[in-house]
Amino acid sequence: MKNSKIASFFKGLLSLFDVRKWERKSKIIAVVLLSLFVAATAFAFVKPSEQELMDSASQKIRSELKKDETRSRRQVAITYNDLYFINYASFSTSGVKGISEKYVGFAGSVHAADEGAWNVTGQFINYTYRMLGCGQSVLYGAKLTILLTTISIVCGLFIAVFLALGKISKNPIISLPCRAYIFFFRGTPLMIQIFCIYLAVPGIFEGFSWRSLFDNNDPEGVFKGAFVAACIAFVLNSAAYCAEIVRAAVESIDKGQYEAAKALGMSYGQTMSKIIIPQSARRMIPPVCNEFVMMIKDASLVFVIGLMDITTISKTISASGSYLVFIPALVIYLIITAFFTYIFGKIEKKFSVYE
Amino acid sequence: MSMIRTEHVSKKFGHLEVLKDVNLTVENGEVICIIGPSGAGKSTFLRSLNQLEMITGGKIFIEDELFLHREHDRTVDSIDKDKHKALMLEMGMVFQHFNLFPHKTVLENLMLAPMTVKGMNQTEIEPLARQLLEEVGLSDKADEYPSKLSGGQKQRVAIARALAMQPKIMLFDEPTSALDPELVGEVLNVMKKLAEEGMTMLCVTHEMGFAREVADKVVFMADGIIMEEGKPEELFNNPQNPRTKQFLQSIL
């Protein structure tokens with residue numbers, strides 16, 4: 001029985017990949033996503049090394065770059081984005097004409113920026129490229145936002161089911177801790193929770209640091225450690241919020257369902273896993289989608305522990321006077337949200353097949 | 001051997017005394033219809049047999065074994081856990097509002113409990129489930145979701161679902177009350193067939209015609225006690241208790 005279930009699960013999973021059964025719309029979206037992915041990968045390889053760029057640069061540019069080495073905006077670029085050459089050049093489009101013509105564009109070669117419209121387009125493309133974090137080795141920009149929110153919603157929802165059932169439980173030994181947990185994590189700011197986990201936890205457990213989770217020689221270790229800490233904070237936080245969503249959904253199921261299950265001799269666990277949770281899953285989807293969209297925007301809070309998401313990157317770029325950056329930032333957010341709303345819609349449709 | 005026997009069963013919701021002192025014996029193969037005005041405690045009595053409500057006092061025997069004995073809202077004595085579960089499985093229940101599982105197809109509704117509770121294989125239970133569906137006349141609806149069915153069809157599926165657990169006793173809690181009048185007949189026919197096959201049935205109903213025709217014994221309940229019980233023709237044609245007379249006059 002178990003085996004056949006697993007088999008049918010994988011069969012269902014495989015049927016998702018059967019392109020012939022897809023709708024036309026899904027096919028178009030898949031093609032667009034796939035080509036974006038291919039493009040991103042290609043750009044990652046196109047990215048020339050610092051040396052290459054230096055070699056191809058003229059004497060004038062070389063001296064400009066040298067002069068700028070200590071400047072703060074270049075510093076920012078070095079710290080957070082190893083594509084700083086491109087970005088450096090794009091910053092300079094407004095100022096030094098000679099540089100801009102050579103270096104604006106994907107990896108300095110795809111797009112040459114002129115005055116006017118092309119200049120703006122060139123900047124947009126560069127900002128987008130940087131915010132998405134294409135071709136980079138750690139989690140940046142959109143990558144960070146998407147990864148962080150997806151992990152926190154998926155894990156958070158899993159924990160939330162148990163929290164919600166615990167809160168509903170009539171046994172105070174179970175329900176009180178769950179209540180306290182939800183009360184605490186909904187009642188305190190997420191930013192301070194991130195601080196607590198990133199800074200206070202290593203303070204309490206001496207000798208432990210988030211950085212030490214990764215190889216000492218890994219230059220990105222500090223970011224990866226911070227990302228793990230941020231993930232934990234986000235998971236714990238979203239679990240509390242999702243628990244209330246799950247609880248509302250579970251409690252909205254008709255009492256008759258419990259009675260029917262009991263009359264058929266099913267235990268509490270069987271009733272929950274076979275009857276109540278599957279039915280409430282469908283009712284959870286809209287509020288969970290809402291929570292997800294909120295979290296995409298909340299992800300910018302990770303700046304407090306040195307991670308950069310789209311909001312923070314765009315703010316950093318704008319600090320050097322390029323306010324155009326906010327427009328591609330908006331567009332990226334819109335695309336992410338639209339994509340996940342679409343996915344949630346699909347899931348909802350799948351769950352409401354019986355209605 | 002009596003299938004169910006209750007002695008001095010009482011049930012209170014706070015200060016409201018719904019069941020006062022109910023004594024009833026259900027023999028093997030007997031079909032009993034419980035009638036009475038609303039608020040008489042008919043449904044509560046049926047539900048307390050199935051442990052959906054915990055009685056506050058009295059004894060329940062199932063198959064002549066003491067199933068539960070409670071006094072003053074405390075359990076004095078009850079059967080051990082394994083036997084409790086086994087005896088619970090011998091009672092099937094059909095609800096007024098069907099309570100089918102909306103996220104499962106009709107066939108899955110039938111197979112779910114035998115597979116999860118009894119641990120049966122799908123290959124074992126599917127033939128039985130399909131046979132039961134055929135008996136209630138719904139074999140063509142096996143793969144439909146309950147939302148696509150009419151009320152009468154839903155209730156017939158609910159009966160088949162209870163039967164899939166192969167119970168010895170069937171409890172019907174106003175199975176036709178939520179149905180459109182023209183759909184009542186199909187459900188009653190299924191129940192009639194079941195009675196003819198020798199199933200022990202305990203049925204709370206307002207269908208006097210059905211009670212008169214099918215029941216071996218009719219029980220009239222009011223104000224939390226059994227006012228009168230007897231063969232249908234006796235009780236309907238020659239009621240002894242004034243409350244019974246009043247009730248029958250008001251509905252006929």
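A salt bridge is a side-chain nitrogen of Lys or Arg within 4 Å of a carboxyl oxygen of Asp or Glu. With that rule I searched the whole structure, which is a predicted model, and I found 18 salt bridges over all chains.

**Entry: a salt bridge within chain B**

I looked up the pair B:Lys168 and B:Glu63, whose side chains meet in a salt bridge at 3.4 Å, N to O. I then asked where these two residues lie along the chain. B:Lys168 is in the loop between helix 5 (151–163) and strand 8 (169–173) of chain B, while B:Glu63 is in the loop between strand 4 (57–62) and strand 5 (65–71). The two are 105 residues apart, and I noted that the pair links distant parts of the chain.

**Entry: the interface of chain A and chain B**

The size of an interface is often given as the accessible area lost when the parts come together. For chain A and chain B I recorded about 2000 Å² buried between them, with 63% of this area on carbon and sulfur atoms. Chain A brings 20 residues to the contact and chain B brings 28 residues.

How many salt bridges does the rule find across this interface? I found 1. The side chains of A:Glu259 and B:Arg47 meet in a salt bridge at 2.6 Å, N to O. I also counted 7 residue pairs in polar contact between the two chains, both residues being at pLDDT 80 or more.

Next I asked which helix of chain A gives the most to the side that touches chain B. Helix 13 (255–263) and helix 14 of chain A each supply at least two residues of that side, and helix 13 gives the most, with 7 residues. By class, I divided the residues of this side of chain A into 10 nonpolar, 5 polar and 5 charged.

**Entry: helix 14 of chain A against chain B**

I followed helix 14 (residues 268–298) of chain A to helix 3 (residues 106–117) of chain B; their axes come within 12 Å and cross at roughly 145°. I noted the crossing as right-handed. A:Gln270, A:Lys274 and A:Ile275 in helix 14 meet B:Leu112, B:Thr116 and B:Val117 in helix 3. The residues of this contact are 3 nonpolar, 2 polar and 1 charged.

**Entry: helix 14 within chain A**

I also looked up helix 9 (residues 141–168) of chain A, which packs with helix 14 of chain A at an angle of about 145°, the axes being 10 Å apart. This crossing, too, I recorded as right-handed. Among the residues in contact are A:Ile153, A:Leu157 and A:Val161 of helix 9 and A:Met272, A:Val288 and A:Phe292 of helix 14. The contact has 11 nonpolar, 4 polar and 1 charged residues.

Notes:
Residues numbered from 1 in each chain as written. Chains lettered and ligands numbered in written order. Predicted model: local features only at pLDDT ≥ 70, side-chain atom pairs only at ≥ 80, totals over all residues. Heavy atoms only, no water. Axes fitted to C-alpha atoms, helices over the stretch in contact; angles between N-to-C directions. Helix = DSSP H or I, 4+ residues; strand = E, 2+ residues; numbered from the N terminus. Left-handed = near helix turned anticlockwise from the far one by under 90°. Contact = heavy atoms within 4.5 Å. Nonpolar A, V, L, I, M, F, W, Y, C, P; charged D, E, K, R; others polar. Buried area = accessible area lost by both parts, 1.4 Å probe. Polar contact = N/O pair within 3.5 Å; in protein donor to acceptor, adjacent residues only side chain to side chain.
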